[in-house]
Amino acid sequence: MQTKDFYYELPKNLIAQTPMEKRDNSRLMVLNRETKEISDKIFYNIVDYINEGDGLVVNNTKVIAARLFGRKNAGQAMIEVFLLKRLSLDLWEVLLKPGKKLHIGDKVVFREDVFAELIGKNEDGTAKVKFYYEGVFENILDELGQTPLPPYITQQLSDKSRYQTVYAKVEGSCAAPTAGFHFTNGLLDKLKDKGVIILPVLLHVGLGTFRPVKEKNIKDHKMHEEYYCVSEDTARKYNDIKNLGKKIFAVGTTSVRTLETVADENGMLKEAQGNTGIFIYPGYKFKTVDHIITNFHIPESTLLMLVSAFAGKDFILKAYDEAVKKEYRFFSFGDAMLIL
């Protein structure tokens with residue numbers, strides 16, 4: 001299967017630059033895999049599709065201020081350090097830009113009392129740096145770091161909280177699980193009142209989620225590993241839901257990948273944590289998810305391949321073509337899709 005098979009034409013004006021004023025007022029395209037029907041709703045209509053006893057799986061990761069700018073060895077050369085994954089207390093996996101200018105032992109100075117030393121370079125283009133500082137690293141990030149908005153968003157956010165889900169809890173992501181942007185606390189309360197069970201999982205979004213597929217054959221693409229965690233409480237509640245014959249709604253591709261990583265051959269979960277490099281594309285047999293809530297994804301991306309595996313590539317591309325014609329808003333701050 002070729003990467004080009006997942007390409008579609010998208011006018012630039014349909015790439016959402018800002019979030020909706022009200023999170024749950026975004027549009028919702030509903031796809032039915034069985035009937036091949038496509039309908040248009042508003043996101044708050046999601047309440048009508050999720051029933052009492054069903055589970056809603058959400059990724060409660062929280063985005064950190066992952067983009068840092070400093071100077072090479074306190075000189076004039078500006079270097080961007082993009083945090084990907086915390087390896088230990090002060091050791092991070094990062095992307096460096098421009099990376100070729102730095103050699104092992106070089107330092108990137110952000111402030112007199114804050115700098116990073118290049119420890120090593122990896123074959124996949126990432127690097128390892130060690131931070132030196134005084135105080136609490138998270139506080140320093142808040143002071144010096146910038147919100148890591150995707151490159152296709154050219155406007156700065158006036159409210160940084162809009163690049164977080166309302167249920168974001170555990171810091172560690174360098175990009176947001178954007179399908180969750182559409183939920184408000186009020187909408188979640190309505191679902192809880194209806195008897196829907198909220199199931200938090202954790203996957204720190206990193207390079208695996210947003211790195212482009214450069215290989216011609218998608219099977220040659222290697223996913224970058226990302227940290228995940230499923231608690232004993234979530235696993236137990238999820239298994240009870242499945243055993244009762246109720247449905248699992250996964251919010252976003254990161255939630256899907258977490259569930260599919262942890263589940264056994266019967267689709268049951270257990271408490272688990274680790275790193276996953278799972279790559280889901282057409283032909284994959286899902287074990288856990290009945291319905292997916294997601295956004296409209298970048299052409300030729302692993303995210304588009306995942307939803308194509310779930311709904312069928314031709315059906316997904318037909319829906320995307322319709323979304324373009326109806327001028328849906330695309331990508332991180334865009335509209336949503338419910339795949340039944």
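Is Lys313 buried, partly exposed or exposed? In this predicted model, Lys313 is partly exposed, with a relative accessible area of 24%. The side chain of Lys313 forms a salt bridge with that of Asp314, at an N to O distance of 3.6 Å. Asp314 counts as exposed, its relative accessibility being 60%. Lys313 falls within helix α7, which spans residues 313-325.

The 3D model contains an open sheet of 9 strands, arranged in the order β2-β1-β17-β16-β14-β3-β12-β13-β15, with mixed pairing. Its edges are formed by β2 (38-42) and β15 (272-276), each of which pairs on one side only. Neighbouring strands in this sheet are turned against each other by 25° on average, direction ignored. Two helices that pack on the sheet are α6 (residues 302-311) and α7 (residues 313-325). Helix α6 touches β16 (291-295) and β17 (336-339), and its direction makes about 150° with that of β16. Helix α7 is in contact with β1 (27-31), β2, β16 and β17; the angle between the directions of α7 and β1 is about 150°.

Within the open sheet, strand β12 (residues 197-203) pairs with strand β13 (residues 226-230) in the antiparallel sense, over 2 bridges. In this pairing Leu203 stands opposite Tyr228 of β13. Cys229 also lies within the range of β13, residues 226-230, and is partly exposed, with a relative accessible area of 25%.

A further group of 6 strands closes into a barrel, in the order β5-β6-β7-β10-β9-β8, with antiparallel pairing. The twist from one strand to the next averages 45° in the barrel. Strands β8 and β9 pair in the antiparallel sense over 4 bridges, and Val109 stands opposite Phe115 in β9. The residue ranges of these two strands are 107-111 for β8 and 114-121 for β9.

Helix α1 (residues 137-144) has Phe137, Ile140 and Leu141 as buried residues. These residues lie on the same side of α1 because they cover an arc of only 105° around the axis. In general, an α-helix has 3.6 residues a turn, so residues three or four places apart point the same way. The buried residues of α1 pack against β5 (67-72), β6 (78-86), β7 (91-97), β8 (107-111), β9 (114-121) and β10 (127-132). The face of α1 turned away from this buried side carries Asp142 and Glu143, which are exposed.

A search of the whole structure identifies 15 salt bridges. One of them joins the side chains of Arg111 and Asp113, with an N to O distance of 2.8 Å. Arg111 is partly exposed, at 29% relative accessibility, and Asp113 is likewise partly exposed, with a relative accessible area of 30%. Another salt bridge links the side chains of Glu232 and Arg236, at 3.9 Å from N to O. Both residues belong to helix α4 (residues 232-243), and because they are 4 residues apart in that helix, they are separated by about one helical turn. Glu232 is partly exposed at 43% relative accessibility, and Arg236 is partly exposed at 39%. Glu232 and Arg236 also take part in a network of salt bridges that includes Asp233 and Lys237.

The number of disulfides is 0. The closest cysteine sulfur to that of Cys174 is in Cys229, and because the two sulfurs are 18 Å apart, they are too far from each other for a bond. A disulfide would require the sulfur atoms to be within 2.5 Å. Taken from Cys229, the closest cysteine sulfur is that of Cys174, again at 18 Å. Cys174 is buried, at 2% relative accessibility, whereas Cys229 is partly exposed, at 25%.

Thr178 is located in the loop between β11 (170-173) and α2 (185-193). Thr178 is buried, with a relative accessible area of 14%. Apart from its neighbours within four places in sequence, Thr178 is in contact with Asn295 and Ser332. Of these two contacts, Asn295 lies within the range given for β16, residues 291-295.

Key: Residues are numbered from 1 along each chain as its sequence is written. This is a predicted model: local features need pLDDT of at least 70, side-chain atom pairs count only at pLDDT 80 or more; totals for chains, interfaces and linings use all residues. Side-chain values use heavy atoms; hydrogens and water are left out. A salt bridge is a side-chain nitrogen of Lys or Arg within 4 Å of a carboxyl oxygen of Asp or Glu. Buried means under 20% relative accessible area, exposed over 50%, partly exposed in between (1.4 Å probe, protein chains only). Two strands pair if DSSP finds at least two bridges between them. Axes are lines fitted to C-alpha atoms, for helices over the stretch in contact, and angles run from 0 to 180 degrees between N-to-C directions. Contact means heavy atoms within 4.5 Å. The arc is that of the directions from the helix axis to the C-beta atoms.
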